[in-house]
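Reader: I would like to go through this model with you, from one loop outwards to the whole chain. Could we take it one question at a time?

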Amino acid sequence: MKTAIKFALMILLVAGAALTGCKKYEEGPMISFKSKKARLQRVWTEESFIDANGNETTPSSPNKYELKDDGQVSVNGGTSSSALTWQLSDDKSKLELITTLGSTSTTDASEILRLTSKELWLKDDNGSQTHLKAE
């Protein structure tokens, strides 16, 4: 009987250690059955903005961003164009928005703090955060 209890406790400790290593983003979730790309592909509405000093504001007319499975981005329901595309960084820790004008491309990468099917929290290089919610 004591051996069974020790074995069960050992299994719980190993499982707990394994699960703490699964958390990719600072604010979670711990585990998800959808891929990161699948969770990003939806319409996102700006919910709040937190500047580098911690001051939070709510936009009076929030923007909507549709991240499509082909990498295109539609802003506020407009027609998607090849001028704005998205991708995940190689380690999937950042969302990269690529703006292409002529032969010049610029990439704006934001660290993903939280990514669920309903919430996306991004942090810019200057420390400001944007919180978005899924429609």
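**A loop, a core and a pocket**

Author: Ser89 lies in the loop between S5 and S6, in what is a predicted model.

Reader: Is Ser89 buried or exposed?

Author: A residue counts as buried when its relative accessible area is under 20%. Ser89 has a relative accessible area of 10%, and therefore Ser89 is buried.

Reader: Which residues does Ser89 touch, not counting those up to four places away in sequence?

Author: Ser110 can be placed relative to Ser89 by distance, since the two are 21 residues apart in sequence and 9.7 Å apart in space, C-alpha to C-alpha. Contact, however, requires heavy atoms within 4.5 Å. With residues up to four places away in sequence set aside, the residues that Ser89 touches are Lys94 and Glu96.

Reader: Lys92 has its place in the loop between S5 and S6 as well; is Lys92 buried, partly exposed or exposed?

Author: The backbone of Lys92 has a phi near 60 degrees, which is a positive value in a residue other than glycine. For the side of accessibility, the range between 20% and 50% is the one called partly exposed. Lys92 has a relative accessible area of 39%, so Lys92 is partly exposed.

Reader: Which residues have the most contacts inside the largest nonpolar core?

Author: In soluble globular proteins, nonpolar side chains tend to be buried together. Here the largest nonpolar core has 14 residues, and strands S5 (81-88), S7, S8 and S9 each supply at least two of them. Leu120 touches Leu40, Leu95 and Ile112, among others, when its neighbours within four places in sequence are left aside. The residues with the most contacts inside the core are Leu40, Leu95, Ile112 and Leu120.

Reader: How do the residues of the lining of the largest pocket divide into nonpolar, polar and charged, and what is the division?

Author: The largest pocket holds about 260 Å³ of space, and of the 14 residues that line it, the closest to its centre are Tyr65, Leu97, Leu122, Thr130 and Leu132. Elements that give two or more residues to this lining include strand S1 (43-50), strand S3 (64-67) and strand S6 (94-101). The lining divides into nine nonpolar, two polar and three charged residues.

Reader: How many helices and strands make up the secondary structure of the chain?

Author: Read along the sequence, the pattern is α-α-β-β-β-β-β-β-β-β-β. The chain therefore comes, with helices and strands taken as DSSP runs, to two helices and nine strands.

Methods:
Residues are numbered from 1 along each chain as its sequence is written. This is a predicted model: local features need pLDDT of at least 70, side-chain atom pairs count only at pLDDT 80 or more; totals for chains, interfaces and linings use all residues. Side-chain values use heavy atoms; hydrogens and water are left out. Helices (H or I, at least four residues) and strands (E, at least two) are DSSP runs, numbered from the N terminus. On a 1 Å grid over the protein atoms alone, a cavity is a set of points where a 1.4 Å probe fits but cannot get out, and a pocket is an open set with protein on both sides within 12 Å along at least five of seven lines; lining residues have an atom within 4 Å of a point. Grid points are joined across faces, edges and corners, and a volume is the space filled by probe spheres set on the points. Ala, Val, Leu, Ile, Met, Phe, Trp, Tyr, Cys and Pro count as nonpolar, Asp, Glu, Lys and Arg as charged, and the others, Gly among them, as polar. A nonpolar core is a set of buried Ala, Val, Leu, Ile, Met, Phe, Trp, Tyr and Cys residues joined through side-chain atoms within 4.5 Å. Buried means under 20% relative accessible area, exposed over 50%, partly exposed in between (1.4 Å probe, protein chains only).
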